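Hello,

Here is the structure I said I would pass on. My notes come after it.

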Amino acid sequence: MQGNRLWPLWLDLLLLFRGAFMPPGFRHFVHWTTGFVLTTADHTVTQALTSSQREADWRALEKFVEVGHWNQPSLERSLLQALQPDPGQLFHGYVLLTGDDTKVHRNSPGVWGTCTYHEYSARCPNRATTVRAHNWVVTGVLRPRADHAFWFLPALARLYFRQSQLPGTPQAEAFQTKDQLLLESLRQHARALAGRCLATFDGGYAHRGLVRGLVLPEAGQPRIDFLTRLRCDACLYERPGSARPPGRRGPKRKWGPALPKPQAAADWPGGWQAGHAYAYGRRRRLSSKRVVCLWRVAGPETPVQVVLARLEGFTHLFTLVCSALDLSAEAVVEAFAAHYQQENGFRDLKQQFGWEEGRYWTKEPVARTTQLVLLCQSVLRLLQERVEAEAGPDWWAPPPWYPHKKGASVQDVLGYFRQHGGEISGLLSAWLGSG
């Protein structure tokens, strides 16, 4: 496929976000996004202009990034609607969502929104244990691929501030916990996407406020099922019987008898069931136990299924809890293993799209650059789908040093796009010149 066929597919995807800008601003948005993807180093506005060979537009594009009209809610809504999976792309009937937080390092204290954090990975003696960074809570869609790793398509990012380091005045920025930010983002996903949603997240977010906010929402909010890791000492109970014992007064019991702790897998009822699950890059043998019960965190109103799994290649026991009772144990393990693709997505956002290379200082460029980074990664994956549908599987071949590679990565799609960078830059200039 040549650049003159790749450019219409790319432009057609960017036209989905036209409603978030005024006509001149949309031209700047297309210019910035295209130049940003073509950039190979220092993902800044200057390098985006250099990559698209339009350095004369620097002042106009810089002003657009800082103070131009940018309807963030409309842009996020359009991106979420673009990520709506087809019926054949659902995971056992669910739209699979995921969320986690990540730090984007910025050294200068003058950058808006930065806070200081303890760096747990700083094990080297010559590495700082306290860093200054933006801490973003990012959510996105996990899209299944047949016998391939899931795609992580990021969509929303919310900046978390420590309460003692809120930028500006307290009236300017309200403090919200990471659980509150994640809950709001997942609800925004569910409102924009059609169908049932299943949110997967790490066990560090398995708190009462988030879990009950998903499955017991307030009036007007969508219900979202959850899947997360269970503590080995979690409090689990059988469901109480509906019949009251003769002669007993008072309210009905909310909790049944206590179940053994998840760490005592041998004491759980039933035997181990054998199966297979696609997890962490390949199909693996699986032995599992599954029990429907009540979890103290989710409350007595919400029955959950607890899955204890022994996965081939892992020594530790997987202890998972899920509110979607119609999923099998194999599906629960596959969905939780797919959650790890978000970490790979964070790596690509920082290494391939230069999330930490920005030269922004004020609030608007901070938020807009981050949204652009997420959008570029997701739109490139959507572009890959369209290229595969038009050009077939022969559009990409595994490299000679990795002949067993199953599918194209984000880096491969970027390289394919940049192969036609000169032709795409010319087509972009012609489009910008026509207005």
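The notes below cover one helix pair and then some salt bridges. Please keep in mind that this is a predicted model.

Helix pair

Helix α9 covers residues 341-351 and helix α10 covers residues 363-391. They pack with their axes 10 Å apart, at an angle of about 115°. Angles of 65 to 115 degrees count as roughly perpendicular, and α9 and α10 are therefore described as roughly perpendicular to each other. The crossing of α9 past α10 is right-handed.

On the α9 side the contact involves Gly345, Asp348 and Leu349, and on the α10 side Val373, Leu374 and Gln377. By residue class, this contact is made up of three nonpolar, two polar and one charged.

Salt bridges

The count of salt bridges in the model comes to 16. Three of them are described here, beginning with two that involve glutamate 312.

Arginine 282 and glutamate 312 form a salt bridge through their side chains, with an N to O distance of 3.9 Å. Arginine 282 belongs to strand β9 (residues 282-295), whereas glutamate 312 sits in the loop between β10 (303-311) and β11 (318-322), so this pair ties together parts that are 30 residues apart in sequence. Arginine 282 is partly exposed, at a relative accessible area of 37%. Glutamate 312 is also partly exposed, and its relative accessible area is 24%.

Glutamate 312 has a further salt bridge with arginine 285, where the closest N and O atoms are 3.8 Å apart. Arginine 285 is in strand β9 and glutamate 312 is in the loop between β10 and β11, so this pair ties together parts 27 residues apart in sequence. Arginine 285 counts as exposed, with 53% relative accessibility.

The third pair is in helix α10, where the side chains of glutamate 364 and arginine 368 meet in a salt bridge at 3.6 Å, N to O. These two residues are four apart in the helix, so about one helical turn separates glutamate 364 from arginine 368. What is the relative accessible area of glutamate 364? The value is 35%, so glutamate 364 is partly exposed. Arginine 368 is at 6% relative accessibility; buried means under 20%, so arginine 368 counts as buried.

Back at strand β9 and the loop, Arg282, Arg285 and Glu312 are joined into one network by salt bridges that share partners.

Regards

Methods. Residues are numbered from 1 along each chain as its sequence is written. This is a predicted model: local features need pLDDT of at least 70, side-chain atom pairs count only at pLDDT 80 or more; totals for chains, interfaces and linings use all residues. Side-chain values use heavy atoms; hydrogens and water are left out. Axes are lines fitted to C-alpha atoms, for helices over the stretch in contact, and angles run from 0 to 180 degrees between N-to-C directions. Angles under 35 degrees count as roughly parallel, over 145 as roughly antiparallel, 65 to 115 as roughly perpendicular and the rest as oblique. A crossing is left-handed if the near helix is turned anticlockwise from the far one by less than a right angle, and right-handed if clockwise. Contact means heavy atoms within 4.5 Å. Ala, Val, Leu, Ile, Met, Phe, Trp, Tyr, Cys and Pro count as nonpolar, Asp, Glu, Lys and Arg as charged, and the others, Gly among them, as polar. A salt bridge is a side-chain nitrogen of Lys or Arg within 4 Å of a carboxyl oxygen of Asp or Glu. Buried means under 20% relative accessible area, exposed over 50%, partly exposed in between (1.4 Å probe, protein chains only).
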